[in-house]
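This report describes selected features of one structural model, working from a helix to strands and then to a pocket.

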Amino acid sequence: MSTNVTETDRTDLSDKGAASVRFRAVDKAFGSLTVLENLHLDVEPGERVVIIGPSGSGKTTILRVTMTLEHIDAGTIQVGGQHLYHEETSAGSLKAASERHIRKVRSNIGMVFQHFNLFPHMSAIENVMLAPVKVHGTSREEAQHLGMELLAKVGLAEHANHTPGQLSGGQKQRVAIARALATQPSVMLFDEVTSALDPELVGDVLKVLRDIAEEGKTTMMLVTHEMGFAREIADRILMFDKGRVVESGPPSQVLDDPQEDRTRSFLGAVAEH
Amino acid sequence: MADDNHRPEAPPTASDDARPAGTFEFEIEQSHKWYRRPEVLVPVILVVLGLSLLAVVEAPSGRFRSQFTPGRDVSFGWDYFFHLVPQMLRGLYTTARATVLGFLIAASLGLVMALLRRSERPYVSLPAAFVIEFIRSTPILVQMFFAQVLVRATPWLTLNPIVILFIVVGIHYATYASEAYRAGINSVPKGQWEASIALNLDPATKWTRIIIPQAVPNVLPTLGNYLVAAFKDVPIGDAVLSTAGVLFFANTIRADDFRPVEPYLLIGVGFLLVSLPAAWLVRRLEESIEYERD
Ligand SMILES: Nc1ncnc2c1ncn2[C@@H]1O[C@H](COP(=O)(O)OP(=O)(O)OP(=O)(O)O)[C@@H](O)[C@H]1O
Ligand SMILES: [Mg+2]
């Protein structure tokens, strides 16, 4: 099993490497419910990792702690070699990161949500331009140019002046992807980005994801129930259950020749619908 | 772009994909009319109202006086009633002016209070919560007496009664407004806050561009109702601080002429003339916001 889940010593938290996202001994609980338990995971630069698993297994949580929407309880996460939740002291030990440090590291990460979360009072282009102008200090002209390029890339140049209320679900999601791309993150997180869409609108969104994958610049972590798409886009598939990686490997292995019973029963259940 | 039929998903047409990126001649339309943009609308309304009233800096002055010879137990007379109208309007103007100026303070201070109360730092949020609850749970009548004696007891502080009035009204209603803002802020969906984090927006951008523009429209009807309520509280100032508003007008006329029915009835009519259209405007605002939400 070509697993990247390493059972390293839990105190070994500071190792550096080329990995784009590196989870070390990450724990996350909501009250008494443990959602992530001693998670070790390396995602390589440019790698496309698809996370599958039953409902409640912690797939969303792993993306949310990477985006800092939820904070981890223990362990470390590194993004592009920098600790996300920690700062290194001059003595070489780790201390809790300041908000400023988190913001700096977080600028490498982008996320697309299941329910789009577009800003409803702004047009598509304003949604896309906001972060470049306000966070990156890009001039409005430049941000508009970039924004229009991105909207064209997702096939929505014609809709630049429409507000989210005037767009279909599939269009909203593509605007949301363009908005996330506008900050030029090296890591993009996608949480079931097609599952709130009518079936006939899914294709356009998947096409955009394929385009991003093809460029190969962006590390992608995707949670999806679209197994066909997972097979096509993934370099590696992680089967998640109860906050742990049960099985990990290329699609041909995990989907076609699963080694674990849990994976087999999950794939069986998914295949039934 | 003028295509109104944009709701259905457009099929991926060749032009969508074939168009080379970065070659657009494109004008960003202001996506909303300015009056639909709360972050523009609210300051505009407040500033215009405030300034136009402030521009007429002087409150009308002069004693209220009737043209009739005083006499006891005179029955109701329309002549007497109508001849009081201009003076009543003068009083009503003073009352309205104090209301608007007071509310100008309330609307802006209320937002500050709401933000302080939401602060993550307990040494900010706890005192803010205490002050808000304290002011909200004491009657404005008591607060006016308190403000009056406080100003009298402070040698270096001399304030015109009308200034005391709108400061008290402002602070009192700021606490109500702050609760309305708080509810409005909490009504902004969680996804909007999360998108702000995901885009790494700084706190100032998050608040001014994302949260407040979405919270304020929900709050406007409530603020409108408080404005009408404040208008009805301001005459308390006439009784306590002797400001020259409508109630002071009626009290003066009664003391001079011993004819209380007409002036009090008249100020009732005056209130109705202001409150009814105001209530109607608030309802219109509510409806238009419902509509915006679809
Ligand atoms: N904010 C929260 N507070 C309490 N419990 C939470 C919270 N977020 C998630 N959980 C719980 O944590 C567990 C894992 O949730 P998570 O959303 O990561 O699952 P998931 O694998 O994404 O599931 P699904 O396929 O249904 O989206 C679930 O049992 C969920 O109820
Ligand atoms: Mg989920």
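## Terms and basis

Contact is taken to mean heavy atoms within 4.5 Å, and helices (H or I, at least four residues) and strands (E, at least two) are DSSP runs numbered from the N terminus. This is a predicted model, in which local features need pLDDT of at least 70 and side-chain atom pairs count only at pLDDT 80 or more, while totals for chains, interfaces and linings use all residues. Residues are numbered from 1 along each chain as its sequence is written, chains are lettered from A and ligands numbered from 1 in the order in which they are written, and side-chain values use heavy atoms, with hydrogens and water left out.

## Helix α5 of chain A

Helix α5 (residues 169-181) of chain A has 13 residues, and its end C-alpha atoms lie 18 Å apart, which agrees with the 18 Å expected at 1.5 Å a residue (the expected span being 1.5 Å times one less than the number of residues). Because 11 of its 13 residues are buried, α5(A) is largely enclosed by the rest of the structure; buried means under 20% relative accessible area, exposed over 50% and partly exposed in between, with a 1.4 Å probe and protein chains only.

Among the buried residues are A:G170, A:R174, A:I177 and A:L181. The cover over the buried residues of α5(A) includes β8 (109-112), α3 (124-134), α4 (140-153), β9 (187-191) and α6 (199-215) of chain A, together with α8 of chain B.

## Strands of chain A

Two strands pair if DSSP finds at least two bridges between them. In chain A, 4 strands form an open antiparallel sheet in the order β2-β1-β4-β5, with β2 (33-43) and β5 (82-83) as the edge strands, each pairing on one side only. Strand β1 (residues 21-30) pairs with β2(A) over 7 bridges, and A:R22 stands opposite A:D42 of β2(A).

Elsewhere, β11 (residues 236-241) of chain A runs antiparallel to β12(A), joined by 5 bridges, one partnership being that of A:D241 with A:R244. The two strands form a hairpin with 2 residues between them, and A:K242 in the turn has a positive phi of about 50°. Since 5 of the 6 residues of β12(A) (residues 244-249) are buried, this strand is largely enclosed by the rest of the structure.

## The second largest pocket

The second largest pocket has a volume of about 830 Å³, and, of its 22 lining residues, A:E99, B:E120, B:P203, B:K206 and B:W207 are the closest to its centre. A pocket is an open set of points on a 1 Å grid over the protein atoms alone, where a 1.4 Å probe fits, with protein on both sides within 12 Å along at least five of seven lines, and lining residues have an atom within 4 Å of a point. Grid points are joined across faces, edges and corners, and the volume is the space filled by probe spheres set on them.

Helix α8(B) gives the most to this lining, with 5 residues.
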